[in-house]
Amino acid sequence: ALDEYRQAYAAAPSGATAQGVADAQFELGHFSEAYAAYSELLDRFGKTISAGAKKAAQARLDEIARKTGVLTVRVAEPDATITVDGAAAGTTPLRLAPGSHEVRVTKDGFTPAVQKVDVAAGATSTAEVTLTRAATTGRVEVKAKDGAAARVLIDDVDVGAAPWQGDLPPGHRSEE
């Protein structure tokens, strides 16, 4: 039924199809999605649906709020991607089932951050996530075998005598 309501809503958004999506999500136990769908129903169609439908939607929101918790993810880097339990989360706050959840935050140029967060019914939890810039260089040390005199060539460029230390960008280097 959910797929049919989604298709109907996509083809012709209305209070009835929005309510169908919300009710189907609720019946499937998808409380986070149901909460978002009931919220959208009231926000978008609250002035056009019946008082009974409005009251029923608000009652479901209240019920879901008691059964779920709220998770806010704070990350200083703009445009980071957030997933919760492997599913794209979009923006927060999120309404989640009680229990332990895995929050993963990624952004190009940064090392992914993974954090476990416990969410309690009726409570709000916050995940403070710090992204660390990914290494763009690696430290290299070259020593000559048995202390013999040797020159160090990196990408066919003489960089000095061994022993030598330096930072290099990622990539394949030939050995000689």
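In this predicted model, let's start with a crossing: helix α2 goes past helix α4 with a left-handed twist. Helix α2 has another partner too, since helix α1 also packs against α2. Two packed helices can be summed up by the angle between their axes and the distance between those axes. Here is how each pair looks.

**α2 with α4**

- Helix α2 and helix α4, which covers residues 51-67, pack at an angle of about 30°, and their axes lie 12 Å apart.
- Angles under 35 degrees count as roughly parallel, so α2 is roughly parallel to α4.
- On the α2 side, the residues in this contact are Q19, D23, F26 and E27.
- Facing them from α4 are A53, R60, E63, I64 and K67.
- Sorted by class, the α2–α4 contact has five charged residues, three nonpolar ones and one polar one.

**α1 with α2**

- Helix α1 spans residues 2-11 and helix α2 spans residues 15-27; the two pack at an angle of about 155°, with 8 Å between their axes.
- Angles over 145 degrees count as roughly antiparallel, so α1 is roughly antiparallel to α2.
- The crossing of α1 and α2 is left-handed.
- From α1, the residues that take part are L2, Y5, R6, A8 and Y9.
- They meet T17, A18, G20, V21, A24 and Q25 in α2.
- By class, the α1–α2 contact holds seven nonpolar residues, three polar ones and one charged one.

Methods. Residues numbered from 1 in each chain as written. Predicted model: local features only at pLDDT ≥ 70, side-chain atom pairs only at ≥ 80, totals over all residues. Heavy atoms only, no water. Axes fitted to C-alpha atoms, helices over the stretch in contact; angles between N-to-C directions. Helix = DSSP H or I, 4+ residues; strand = E, 2+ residues; numbered from the N terminus. Parallel < 35°, antiparallel > 145°, perpendicular 65-115°, else oblique. Left-handed = near helix turned anticlockwise from the far one by under 90°. Contact = heavy atoms within 4.5 Å. Nonpolar A, V, L, I, M, F, W, Y, C, P; charged D, E, K, R; others polar.
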